[in-house]
Amino acid sequence: MQLIHTLRGAMRRVKRRPLDTASLQFRLTTEIAALSVLCLSCVAIWTSWKMQQLLITTHTQSVEYIANRFPRDVELYSEMLPVEIGLQKTINNVSVAGLVIWVKSIDGKQLLAQSTGATSSFTATDELMSLAEMPLKPQVYKVGSHYLILYQGLVTAKGKLLGKVYMAQDITEDQRQLIAAIQGLAIVCVLATMLTMAAIALRIRRSLQPLQEMSQMAGAISVDDLSQAKLQLSNAPTEVKELAQTFNMMLSRLSDAWEQQRQFVGNISHELRTPLTVVLGYLQSLLRRSNNLTDYQQEALETAASEADRTVRLLQDLLDLARADSGYAHYLLEPISLNDLVFEVAGMAEKFSSRLLQVQATKTVVAIVDRDRLRQVLINLIDNAVKYSEPNQPIDLILEGTDQQATIQVHDRGVGIPLQDQSRIFERFYRVDEARARSTGGHGLGLAIVKTLVEGMGGTISVRSKLGEGSVFVIGLPI
Ligand code: ADP
């Protein structure tokens with residue numbers, strides 16, 4: 001249950017990360033966005049081109065049609081009317097918006113006929129009419145501020161070359177509309193691109209969320225949680241669920257391997273402890289009984305006995321840890337008066353360490369604990385307090401109780417623990433300073449056992465310390 005809370009907590013703590021250009025989310029978003037921009041641009045360019053083509057083709061085709069018909073109509077009228085009148089009539093007959101026609105003599109000096117302006121608001125300016133050359137096929141040109149379709153051709157009447165016909169159609173208004181349409185299309189495309197990018201980014205973010213959750217869940221799993229750890233993703237896609245399943249299987253194998261290792265350490269410690277205790281017993285009795293030993297023999301036996309003692313204690317610690325880890329340590333939790341227990345341990349410790357232990361307790365505090373385990377915890381902490389402070393310094397045991405929990409503080413005025421080590425001293429085999437630890441004979445397991453036992457009883461342990469001033473270990477226990 002606690003593990004599930006930890007995992008959920010970790011998931012909730014989704015941190016806003018800085019932009020990671022190597023992330024899958026960034027790559028997918030930019031690649032898909034670039035593709036969409038490319039596609040949308042192609043569509044926009046093609047549409048504008050098509051619109052322009054349509055506009056120009058319609059107008060040029062219409063001018064081309066008139067240009068083809070013009071000589072025939074002139075011929076026709078010339079058969080009935082004088083040539084000039086026939087020309088003018090043919091021009092007048094053309095009623096296309098914005099189209100002006102004029103006919104000049106071959107040398108271009110004489111204007112033979114021109115549109116009257118009745119059919120069009122656009123009139124041929126002198127500048128336009130003075131243009132010497134125009135295309136022989138209708139084409140769009142920009143003349144001044146106007147977009148014009150220009151054309152020139154020859155006119156004959158009664159088999160005689162009369163002159164040149166010029167046509168100009170003003171399509172400025174249509175061109176403006178086309179430009180406005182293209183601008184509108186561009187704005188729509190930009191908006192559509194931005195919307196698409198936002199939607200894609202959101203979608204990719206959502207798709208990758210289960211992976212993020214998985215990584216956070218996996219990050220929150222510690223060695224202690226291995227056996228119960230399980231990744232559960234309800235709304236994840238099948239691929240991610242499969243990955244989570246594989247991960248769960250791996251966790252279970254890891255947990256088995258870890259369990260086997262613990263058992264192995266436990267078994268080895270157990271198997272070694274007994275013969276070593278026997279060796280230690282013989283060595284100690286030899287030392288006690290033999291009074292004809294040489295100095296060298298005495299020293300050798302003392303060294304052997306002290307090393308055997310240290311190793312037996314290490315094996316005992318390892319065994320305790322292995323038992324606590326593997327759940328063999330069944331806790332006999334019952335409400336007990338902590339005052340009695342603290343006074344009892346303090347009295348015992350005072351006797352063995354010949355150190356002054358001051359108990360401060362203002363009221364009776366009852367907590368739900370395992371008496372023997374808590375005794376072991378206190379002994380370990382007092383043992384450390386004795387080891388890491390001067391013999392003339394007293395050790396305080398402060399007992400307090402609130403509505404929520406009972407606390408026991410073990411307070412020494414010793415060497416203290418550097419800040420950077422305070423979070424690690426509860427790790428197995430962690431020692432602040434090898435030289436200091438060796439001189440005090442520790443293995444770095446005492447606090448690991450304390451933590452395991454306190455947490456096994458549903459309590460907490462923390463430390464406050466200042467170098468050179470001393471340390472306070474605070475045990476919090478459920479009441
Ligand atoms: P050890 O058996 O080596 O003392 P512990 O797990 O009990 O191992 O302690 C780990 C380390 O924490 C020790 O090496 C010691 O440096 C430091 N330590 C523990 N208790 C104290 C204390 N009361 N004062 C100063 N240092 C301490």
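These legends go with views of a predicted protein model and its ligand.

**View 1. The whole protein has twelve helices and twelve strands.** The C-alpha trace spans about 160 × 45 × 40 Å along its principal axes. The radius of gyration of the protein is 50 Å. A compact globule of 479 residues would have a value near 23 Å.

**View 2. Residues 205-259 carry a UniProt annotation.** The unreviewed entry lists this span as "domain: HAMP". In the model, the span is 69% helix and 0% strand. The C-alpha atoms at its two ends lie 38 Å apart.

**View 3. Strands β4 and β5 form a hairpin.** Strand β4 covers residues 146-157. Strand β5 covers residues 160-170. How many bridges join β4 to β5? There are ten, and the two strands run antiparallel. Pick out Y151: its bridge partner in β5 is M167. Two residues sit between the strands of this hairpin. Now find K158, which takes a positive phi near 50°.

**View 4. Strand β5 also pairs with β1.** Strand β1 covers residues 99-104. Six bridges link β1 and β5, and the pairing is antiparallel. Look for V103 here: V165 in β5 stands opposite this residue. Strand β5 thus appears in two views, paired with β1 here and with β4 in View 3.

**View 5. The ligand has 20 residues around it.** Which of them come nearest? They are N384, Y388, D412, G444 and L447. Sorted by class, the shell holds nine nonpolar, seven polar and four charged residues.

**View 6. Polar atoms of Y388, D412 and V432 lie close to N or O atoms of the ligand.** Start with Y388. A polar atom in the side chain of Y388 is 2.8 Å from a ligand oxygen atom. Next comes D412. An N or O atom of the D412 side chain lies 2.9 Å from a ligand nitrogen atom. At V432 the backbone takes part: one of its polar atoms is 3.5 Å from an oxygen atom of the ligand. How much of the ligand's accessible area does the protein cover? On its own, the ligand has 530 Å² of accessible area, and the protein covers 98% of that. Three elements each give two or more residues to the shell around the ligand. They are helix α9 (371-387), helix α12 (446-456) and strand β12 (470-478).

Methods:
Residues are numbered from 1 along each chain as its sequence is written. This is a predicted model: local features need pLDDT of at least 70, side-chain atom pairs count only at pLDDT 80 or more; totals for chains, interfaces and linings use all residues. Side-chain values use heavy atoms; hydrogens and water are left out. A residue is near a molecule or strand if one of its heavy atoms lies within 4 Å of it. A polar contact is a pair of N or O atoms within 3.5 Å; within protein, one must be able to donate a hydrogen and the other to accept it, and residues adjacent in sequence count only if both atoms are side-chain atoms. Accessible areas come from the Shrake-Rupley method with a 1.4 Å probe; for residues, only the protein chains shown count as cover. Helices (H or I, at least four residues) and strands (E, at least two) are DSSP runs, numbered from the N terminus. Ala, Val, Leu, Ile, Met, Phe, Trp, Tyr, Cys and Pro count as nonpolar, Asp, Glu, Lys and Arg as charged, and the others, Gly among them, as polar. Two strands pair if DSSP finds at least two bridges between them. UniProt positions are given in the numbering used here, feature names are shortened, and annotations may be inferred rather than shown by experiment. The radius of gyration is taken over C-alpha atoms; the globule rule is 2.2 Å times the number of residues to the power 0.38.
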